[in-house]
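Got the structure open in your viewer? Follow along and select each stop as we get to it.

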Amino acid sequence: NCMAAAFPAHGKQETRKNAKQQRYEVKGFEQQMAVGEERMEEENNSKEVILLLNRLVRLFRVFLFRELVNARILGAIGSAVENETETQQLTLPVTIPLMIGIFLMIHTFQYPNSMLSFWGSIIPFTSPMVMMARIPFGGVPVWQIGLSLGLLFVTFLLFAWLSGKIYRVGILMYGKKASFKELWKWMWYKS
């Protein structure tokens, strides 16, 4: 400050130079931060895209297995009936679990980690709808998704086997009206 007292203009020039230099440093720092933030945004966007694709693949697997189970059940019903009016009475057991699954899915939107949502996402007849509602909220452990898919796959195999037995007998039973009792007999019919 002795220099500033002896040479007042020199001190003002130094202060001006320091202020300009600080402004340039701040601008340079802000530019570096902006570039860094852009890179972070790009990385976050790519991570979000990967996470979204991963969730979509999981949802597709769950949905695919449920549709395979439905196809087997409806195939068995189709082989057991002769016309549409007989089909109406036999599709009720297929429709009720779907309706229960939709109601559980609505509950899951509000409470994705509740016990009801958990069990709804594990039970094979409701798991596709409920698991589809839980996965987008995140926090679903991989073992729960694996258990849900495993049980759904076992259910698919079971219904493939049972519908094959119903189809084998039902396709030959022309003229006889099928009931649930008849279907039960056909499932355990020995050839």
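**Stop one: helix α6**

Start by selecting Ser127, Pro128, Met129, Val130, Met131, Ala133 and Arg134: these residues of α6 are buried. Keep in mind as you click around that this is a predicted model. Now colour the whole of helix α6, residues 127-134. Seven of its eight residues are buried, so the rest of the structure largely encloses this helix.

**Stop two: α4 alongside α6**

Next, add helix α4, residues 92-110. How do α4 and α6 lie relative to each other? Their axes cross at roughly 15° and come within 8 Å; with an angle under 35 degrees counting as roughly parallel, α4 and α6 are therefore roughly parallel to each other. The crossing of α4 past α6 is right-handed.

To see who touches whom, show the side chains. On the α4 side, pick Pro97, Leu98, Gly101, Leu104, Met105, Thr108 and Phe109; on the α6 side, pick Met129, Val130, Ala133 and Arg134. Colour this contact by class and you get eight nonpolar residues, two polar and one charged.

While you're here, click Ile106, which also sits in α4. Is Ile106 buried or partly exposed? With a relative accessible area of 48%, Ile106 is partly exposed. Try a distance label from the C-alpha of Ile106 to the C-alpha of Val130: the two are 8.4 Å apart, although 24 residues separate them along the chain.

**Stop three: α4 against α5**

Keep α4 on screen and bring in helix α5, residues 115-122. The axes of α4 and α5 are 9 Å apart, and the helices pack at an angle of about 135°. That angle makes α4 oblique to α5. Here α4 goes past α5 in a left-handed crossing.

For the contact itself, select Leu104, His107 and Thr108 from α4, then Leu116, Ser117 and Gly120 from α5. By class, this contact has two nonpolar and four polar residues, and no charged ones.

**Last stop: the nonpolar cores**

Now zoom to Ile73, Ile166, Leu183 and Trp186. These have the most contacts inside the largest nonpolar core, a set of 14 residues. Which helices each supply at least two residues of this core? Colour α2 (8-80), α7 (142-170) and α8 (180-187) to find them. The biggest share comes from α2, which gives five residues.

Apart from that core there's another one, with nine residues. Select Phe65, Met131, Ile135 and Leu149, which are among them. You've already met Met131: it's one of the buried residues of α6.

Technical notes
Residues numbered from 1 in each chain as written. Predicted model: local features only at pLDDT ≥ 70, side-chain atom pairs only at ≥ 80, totals over all residues. Heavy atoms only, no water. Axes fitted to C-alpha atoms, helices over the stretch in contact; angles between N-to-C directions. Helix = DSSP H or I, 4+ residues; strand = E, 2+ residues; numbered from the N terminus. Parallel < 35°, antiparallel > 145°, perpendicular 65-115°, else oblique. Left-handed = near helix turned anticlockwise from the far one by under 90°. Contact = heavy atoms within 4.5 Å. Nonpolar A, V, L, I, M, F, W, Y, C, P; charged D, E, K, R; others polar. Buried < 20%, exposed > 50% of the residue type's maximum accessible area, 1.4 Å probe, protein only. Core = buried A, V, L, I, M, F, W, Y, C linked by side-chain atoms within 4.5 Å.
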